[in-house]
Every structure is written in structure tokens, then in C-alpha cells.
Amino acid sequence: MPGDGHESEHGPVPVRGPESGAGAGSGRGAPSSGGAESGRGRSSRTGGRGRRRPSWARALRPSGLNRAPGAVPAARQAGPYLTPAQAFDALYAYCAPALVRQAYLLTGRRDLAHESVERAFQRAWDHWPEVARDPDPAGWVRAAAHDWALSPWHRFRRRYRHPEPPPPDDHDRALLDALLSLPPPYRRTLVLYDGVGLDLPDTAAETEASTRAAAGRLLYAREVLAERLPEPAGPRELHDRLAELASSGRTRAAEPAAVRVGGERRARLWTRTAAAVTVVLIGSTAMTLHTAPTHYVPPVPPGETVRGVPPRAAPGPLSDDQRELRDRLREALLDGPERLTPEAR
């Protein structure tokens, strides 16, 4: 279970607005179709008695229409301090719908987009103390969702071997085909910069590339889309078209409680699996030590055939010639000639 995180010494944990955690419909400096305008939530560093508040217990109190744009909405029935579950639910409600749209632009599959967002938030719940202290929790979850969506191992899964039905609109279908024709790093750079609305250094940092490499990927992706799209589209038009494509179809995310329960169940399953594998390894090691020989036993060499030696045969009856020869030899031994001696000359 996630533990209580403490606020870092650099100040309270800011919560990015739609420019970092919202969807493809959030542009730079303009309201989007997937969320509110950009902004950062604020909270005090200490409590009433000088104690530091944990980063996940930031006071996110809605104030009706006077609430700052881009602030993360507070969980229902939230007091001055939020429990980890309430803070997680607030972050999920704020970022999950937009992240599903972004993952759809990256993969072209709505089922995979929902799965990527759920896995990213389950991982965030498993590492909640780290996520709560992160300066950009929405960016942390967005990076995890994009990594899962663009994982190359999905091509080996049976359910993702066949393409999903394309969008009904011809312009959306052409835009989606052009996006999916780009290599994954170029596609992610285009979605982050022209869709989400990140700056070029932030886009380069999230895609683990230099700023120059990110700029080159962005320009190449724009050139490919300009060649393949029937109508030319500038950066502003491309942003609007990405927002329309991402908002088409089913983009409803699962409930945050279900995501938390699914993450906890998955963590318990992996824990039990690891424990079972450990028990099997210990048992097999003990059995090997019990049955293994305690001293060296030389192996018996295999038999080899010796060539050139006649086979041993049992004596049989003598023939007439053999009996005659035997008789002559016996007579010669008894009455044979005298021994020959040398004579001197």
C-alpha cells in the first residue's frame, strides 16, 4: 500500500494544467476541448502549528466559480488534508480522460488507450509516495501511459494483431493513418508538442532526446503529415484537428476506485507468484542437496572391441589327417633319430 509522502524542500507539489496532463485538446495558451486552461494549484508549506503538510495532503478546496483555472479539482468530502486515496482520485479524475485521448492518437486503438492509462495509474498508485513528491504528478503518469502505449511487445499479443475499425470521417481517417505511419518517437513528439502543448525542451526531456533532435523529429513529422493530408494544415489547424480526432468515439475512463483495486490485486498476485517461485527454488535446492552423492564415483568405461585377435573356439573331433599326424608325432618323439651334433673339420 502506498505510504505517506512528505513534501520536498523546494516547495509544494505543483499540479500541471492541461498543458502537461490534459489531453490532445489542450494547446499552448488556449482552452482545449479536453480540459480547462493551464494553471498550477497552490498550497501552503506548513500547517497551522508549523508542521509540514505531506504533498498528497494539499488543500484542494473548490471555491465555486472563483477557483483558479487549471487547478486540480478536489475530491468529494475532502477536508484540509487529503488521504492518499482522495489525492489519487483527484489526479485520476483530472488527467485520465485526456490521457486516454493522447494514447489513442499514439496507438489508434481505444482498448489499448484505456489499458495504457489504467496501467499507468496502477503503477502510480504502487509508487504513490514518489508520485506525490514529484513536481509534476500529471507528467509522471503521462510518461508512464505513453511508454505502455508505445511498447513494441503489443504486436505479439493476439488481440492487437488486427487493426481497429477506422474513424467514420474521411479527414479523421487520413490524419490517423498519417500519424500511425510515423515512427513511434516522431509520433510521440508531435502529439506532445502540437497536441498536448508542451514546450520543446519539455518535449525533448519526456521523449529522452536532445532539444535539437526533438526539433528535427517535429519538423519531419509535420512534413509527412503535410504530404499525406488532403488539405494543408498549419500548427494551429493541426492542433485543432488532433483534438477533434482524439475526442471522437468512446473516451470514457474507468472509475478511480476500480483502478486502485485492480492495482492492489495485481500487486498481491505478483507478490504471491514471487513467493511461490521462491518456495519452489528452495525446495528443489534442498532436494538436490539431499540426493546428490557425497564422494566422487568414477564412471565405468564402456567396453571396446579389440581387433586382430581370433575368436576363442572350443575343440571339436579330429579328422583322419589330424589323427594320422598326431600318431606320427608321438612315434617320432619316442623312436626318432639321434640328436645332431656338429663335427669339426
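1. Let me start with contacts along the chain. Among those between residues at least 6 apart in sequence, 72% join residues at least 24 apart. Please keep in mind that this is a predicted model.

2. On the overall make-up, the chain has 11 helices and 0 strands. Read from the N terminus, its elements run α-α-α-α-α-α-α-α-α-α-α. Of the 345 residues in the chain, 39% are buried.

3. A good place to look next is the pair formed by helix α1 (residues 84-107) and helix α4 (residues 137-149). Their axes come within 10 Å and cross at roughly 30°. Angles under 35 degrees count as roughly parallel, and α1 and α4 are therefore roughly parallel to each other. The crossing in which α1 passes α4 is right-handed. On the α1 side, the contact involves Leu-91, Cys-95, Leu-99, Gln-102, Ala-103, Leu-106 and Thr-107. These meet Pro-137, Ala-138, Val-141, Arg-142, His-146 and Ala-149 of α4. Sorted by class, the residues of this contact of α1 with α4 comprise 9 nonpolar, 3 polar and 1 charged.

4. Helix α4 also meets helix α2 (residues 110-126). Here the axes come within 8 Å and cross at roughly 135°. With that angle, α2 and α4 are oblique to each other, and their crossing is right-handed. From α2 the contact draws on Leu-112, Glu-115, Ser-116, Val-117, Arg-119, Ala-120, Phe-121, Arg-123 and Ala-124. From α4 come Trp-140, Val-141, Ala-144, Ala-145, Trp-148 and Ala-149. The class count for the contact of α2 with α4 is 11 nonpolar, 1 polar and 3 charged residues. If you are comparing the two lists for α4, Val-141 and Ala-149 appear in the contact with α1 and also in the contact with α2.

5. Further along the chain, helix α6 (residues 184-196) packs on α8 at an angle of about 90°, with the axes 9 Å apart. Angles of 65 to 115 degrees count as roughly perpendicular, and α6 and α8 are therefore roughly perpendicular to each other. Pro-185, Tyr-186, Thr-189, Leu-190, Tyr-193 and Asp-194 are the α6 residues in this contact. Their partners in α8 are Ala-214, Arg-217, Leu-218, Tyr-220, Ala-221, Arg-222 and Leu-225. By class, the contact of α6 with α8 has 9 nonpolar, 1 polar and 3 charged residues.

6. The aromatic side chains deserve a point of their own, as the structure holds 7 aromatic pairs. One of them joins Phe-88 and Tyr-92, whose ring centres are 6.3 Å apart with the planes at 25°, so the pair is stacked. The two are 4 residues apart in helix α1, which means that about one helical turn separates Phe-88 from Tyr-92. Both Phe-88 and Tyr-92 are buried.

7. Phe-88 has another aromatic partner in Trp-128: this pair is edge-to-face, at 5.8 Å centre to centre and 80° between the planes. Distant parts of the chain are linked in this way, since Phe-88 is in helix α1 and Trp-128 in helix α3 (residues 128-133), 40 residues apart. Phe-88 counts as buried because its relative accessibility is 0%. Trp-128, with a relative accessible area of 4%, is buried too. More broadly, Phe-88, Tyr-92, Phe-121, Trp-125 and Trp-128 form one aromatic cluster. Phe-121 is also one of the α2 residues in the contact with α4.

8. Two loop residues may be worth a look in your viewer. The first to open is Glu-208, in the loop between α7 (200-206) and α8 (211-228). What is notable about the phi of Glu-208? The phi value is near 55°, positive in a residue other than glycine. As background, most residues other than glycine have a negative phi. Glu-208 counts as exposed because its relative accessibility is 75%.

9. The other is Pro-163, which lies in the loop between α4 and α5 (170-181). Is Pro-163 buried or exposed? With a relative accessible area of 71%, Pro-163 is exposed. Although Pro-163 and Gly-108 are 55 residues apart in sequence, their C-alpha atoms are 8.5 Å apart in space.

Notes:
Residues numbered from 1 in each chain as written. Predicted model: local features only at pLDDT ≥ 70, side-chain atom pairs only at ≥ 80, totals over all residues. Heavy atoms only, no water. Axes fitted to C-alpha atoms, helices over the stretch in contact; angles between N-to-C directions. Parallel < 35°, antiparallel > 145°, perpendicular 65-115°, else oblique. Left-handed = near helix turned anticlockwise from the far one by under 90°. Contact = heavy atoms within 4.5 Å. Nonpolar A, V, L, I, M, F, W, Y, C, P; charged D, E, K, R; others polar. Phe/Tyr/Trp six-rings, centres within 6.5 Å; stacked < 30°, edge-to-face > 60°. Buried < 20%, exposed > 50% of the residue type's maximum accessible area, 1.4 Å probe, protein only.
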